[in-house]
Amino acid sequence: MGRRLFGTDGIRGRANQEPVTATTALKLAMAAGAQFARGPKHNLVVIGKDTRLSGYMLEPALTSGFISVGMDVVLLGPIPTPAVGMLTRSLRADLGVMISASHNPFEDNGIKLFGPDGFKLSDAVETNIETGMEEDPDRIRVSGGELGKARRLEDALGRYLEFVKSSFPRGLQLDGLKIVVDCAHGAAYRVAPDLFYELGAEVIPLGVEPDGFNINLDCGATAPDALAERVRAEGADLGLALDGDADRVVFCDETGHLVDGDQVMGLIARTWKQAGRLNSPAVVATVMSNLGLERSLQGQGLQLLRTPVGDRYVVERMRQDNCNLGGEPSGHMIMSDFTTTGDGLIAALQVLEALVCDGRPASEVLSVFEPVPQLLRNVRFNGGQPLESGPVQDAIRDGEDRLGQGGRLVIRKSGTEPLIRVMAEGDDASLVKQVVDDIVQSIAEV
């Protein structure tokens with residue numbers, strides 16, 4: 001049986017509508033808890049969340065489900081997604097859970113699961129959990145005396161803060177740097193400003209007043225205009241914007257120019273190669289990364305290994321090919337020397353380390369390669385299979401022929417929203433636009 005609930009990054013949807021309901025969360029917790037329990041005792045799950053209102057509904061539902069199958073629960077409160085992966089390993093837990101819909105608006109929410117190794121679960125394991133959710137719950141409920149317990153880990157943020165600081169070279173400081181930090185009113189609203197302040201920077205915080213409704217609202221990694229404006233107004237050296245669960249980050253330089261994840265990957269790859277820190281002569285990225293990055297890496301003797309969209313698939317390929325650097329243009333940066341999933345704060349420290357050591361302004365340090373013209377458009381659809389339509393397939397084949405071997409065309413369904421994403425790139429910007437427009441129109445007419 002294929003997966004029905006899990007998408008490219010856990011379960012996600014409109015809060016209090018299936019599958020993001022308290023009922024489904026309870027069933028999920030019971031099935032996942034039963035799958036990962038090691039025995040009658042010492043079964044442990046950690047649960048973190050972002051700042052959405054619906055977290056108050058999902059957290060107790062998950063807690064109840066895990067307790068009912070004999071797992072103890074450690075509640076972390078609002079905390080970045082990568083902290084859940086880290087604390088799952090640090091506490092020797094059997095399972096980690098993050099309640100978040102990442103960059104989505106507050107009306108949505110989701111559930112991400114981490115195994116005892118701190119990595120997100122594979123497709124096969126998620127399929128097994130879905131199968132378990134269909135089985136008789138009486139089979140896995142424990143007796144009254146075997147119920148789990150719940151407690152709150154009061155120093156969760158402090159543990160994560162010190163963990164992130166350990167990724168920054170000892171003795172290096174951010175003294176003299178002015179940084180604008182947009183936390184998207186999300187999971188990092190407390191820890192991110194403290195991190196950069198404790199390392200010596202002057203910090204100008206944005207998006208640090210969550211109210212349950214304003215996460216990602218006109219702020220954060222998906223809406224960085226306010227960040228760029230503040231950087232220019234303050235004369236800051238750098239701006240960085242996290243998304244709602246802080247597993248991704250985007251930057252803007254001192255001029256307010258936005259910098260995507262491909263440039264950051266290129267910078268870290270170049271820095272690590274020069275320092276001999278790359279495990280292998282390759283970087284892992286998705287099909288969405290710019291051809292300019294691929295060409296830049298090739299010029300340094302490095303290979304770009306591409307995966308389907310989703311940081312989980314990037315991590316799987318990194319583990320398969322012994323790579324310690326990977327990421328996505330959206331700002332997910334995975335550095336397996338430090339963490340098991342995307343971590344916006346650790347990625348930010350890598351960029352700041354390069355800035356401090358280089359001495360040049362961010363506009364120069366973060367301009368690693370010249371991007372190939374690329375255009376991405378999203379087309380919303382209401383059910384059906386528009387990509388199976390004959391006219392749409394004809395438009396796609398025509399676009400591939402027109403772009404030729406010097407270009408790329410990537411068309412896929414979003415794993416988190418009812419969208420079809422159409423991306424094309426090539427050296428001729430006008431041709432790229434024509435190809436995308438034609439395919440989008442064909443999808444819209446289905």
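Q: Ala, Val, Leu, Ile, Met, Phe, Trp, Tyr, Cys and Pro count as nonpolar, Asp, Glu, Lys and Arg as charged, and the others, Gly among them, as polar; how do the residues lining the second largest cavity divide into these classes?
A: In this predicted model, where local features need pLDDT of at least 70, side-chain atom pairs count only at pLDDT 80 or more and totals for linings use all residues, the lining consists of Asp9, Gly10, Lys112, Leu113, Lys120, Leu121, Glu126 and Arg312, and therefore divides into two nonpolar, one polar and five charged residues. Residues are numbered from 1 along each chain, and side-chain values use heavy atoms, without hydrogens or water.

Q: What makes the pair of phenylalanine 106 and phenylalanine 213 edge-to-face?
A: The ring centres lie 5.2 Å apart, within the 6.5 Å allowed for a pair, and the planes stand at 70°, so the pair is edge-to-face (planes over 60 degrees apart). The pair links distant parts of the chain, with phenylalanine 106 in the loop between strand E4 (95-99) and strand E5 (108-114), and phenylalanine 213 in the loop between strand E8 (202-206) and helix H7 (225-234), helices (at least four residues) and strands (at least two) being DSSP runs.

Q: Why is phenylalanine 213 called partly exposed?
A: Its relative accessible area of 42% falls between the limits for buried (under 20%) and exposed (over 50%), taken with a 1.4 Å probe on protein chains only. Phenylalanine 106, at 23%, is also partly exposed.

How values were computed:
Phe/Tyr/Trp six-rings, centres within 6.5 Å; stacked < 30°, edge-to-face > 60°. 1 Å grid on protein atoms, 1.4 Å probe; cavity = no way out; pocket = protein on both sides within 12 Å on 5 of 7 lines; lining within 4 Å.
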